[in-house]
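Please look over the structure below with its side chains displayed, and follow the contacts and surface values as they are taken up one after another.

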Amino acid sequence: MASIDNFPRIDMATLEATLTAEAVKREYESLAKEFEAMGAELISAAKKCEALTTDVQNTIRDTAEAYRQEGKKIFERIEECALFTEDVRKTCEDVKRRMIEGNGVVRRMDQ
């Protein structure tokens, strides 16, 4: 049988320091992997934000264009009404003038 004296001696302080260093190294590696995973999530979130920003910009542009088109339509309607009103006024003046020239005076129909 072998004697205990033949086994190499282990320095317990060195062993504890080595085990502690290995544990610290594993913890740091584990945290580094968690940071990388968080980074991937943050990059994904940033890409979603960029896409959302693009959608918002497109919506704003489209809405502004729709307002411009609606304003143009309303302008054209008002312009048409103004021209129609002017035509009606001219027609009324023309009828009035013809009535005056034809009869000398304008009489009410109920007289």
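Arginine 89 and glutamate 93 are a good place to begin, for their side chains form a salt bridge in which N and O are 2.5 Å apart. This is a predicted model, and the distances and areas given here are computed from it. Both partners belong to helix H1, and because they are four residues apart there, about one helical turn separates them. Arginine 89 is partly exposed, with a relative accessible area of 38%, and glutamate 93 is likewise partly exposed, at 44%.

Where does the next contact in this account lie? Aspartate 94 and arginine 97 form a salt bridge of their own, with 2.2 Å between the closest N and O atoms. Here too the two residues lie in helix H1, and since they are three residues apart, the separation again comes to about one helical turn. Aspartate 94 has a relative accessible area of 27% and is therefore partly exposed, given that buried means under 20% and exposed over 50%. Its partner, arginine 97, also counts as partly exposed, at 39% relative accessibility. This pair does not stand alone, as salt bridges with shared partners join Asp94, Arg97, Arg98 and Glu101 into one network.

A further salt bridge joins the side chains of arginine 61 and aspartate 62, with an N to O distance of 3.6 Å. Aspartate 62 is partly exposed, its relative accessible area being 45%. How many salt bridges does a search of the whole structure find? The search finds six, and the pairs named above are among them.

The helix that carries several of these contacts can now be placed in the whole. The secondary structure of the protein consists of one helix and zero strands, and helix H1 covers residues 12-103. Of the 111 residues of the protein, 0% count as buried, a value with which the partly exposed state of residues such as arginine 89 is in keeping. The accessible surface of the protein amounts to about 10,800 Å², and 61% of that area belongs to carbon and sulfur atoms.

Part of the nonpolar surface can be located by name. Leu31, Phe35 and Met38 form a nonpolar patch on the surface, and together they have about 320 Å² of accessible area. Leucine 31, one of the members of this patch, lies in helix H1 and is partly exposed, with a relative accessible area of 42%.

The cysteines remain to be considered. A disulfide is a covalent bond between the sulfur atoms of two cysteines. The structure holds zero disulfides, so that no pair of cysteine sulfur atoms lies within 2.5 Å. Are cysteine 49 and cysteine 81 buried, partly exposed or exposed? Cysteine 49 counts as partly exposed, at 47% relative accessibility, and cysteine 81 is partly exposed as well, with a relative accessible area of 49%.

Key. Residues are numbered from 1 along each chain as its sequence is written. This is a predicted model: local features need pLDDT of at least 70, side-chain atom pairs count only at pLDDT 80 or more; totals for chains, interfaces and linings use all residues. Side-chain values use heavy atoms; hydrogens and water are left out. Buried means under 20% relative accessible area, exposed over 50%, partly exposed in between (1.4 Å probe, protein chains only). Accessible areas come from the Shrake-Rupley method with a 1.4 Å probe; for residues, only the protein chains shown count as cover. Patches are made of residues with over 30% relative accessible area and no salt bridge: like charges are joined within 9 Å, nonpolar side chains (Val, Leu, Ile, Met, Phe, Trp, Tyr) within 5 Å. A salt bridge is a side-chain nitrogen of Lys or Arg within 4 Å of a carboxyl oxygen of Asp or Glu.
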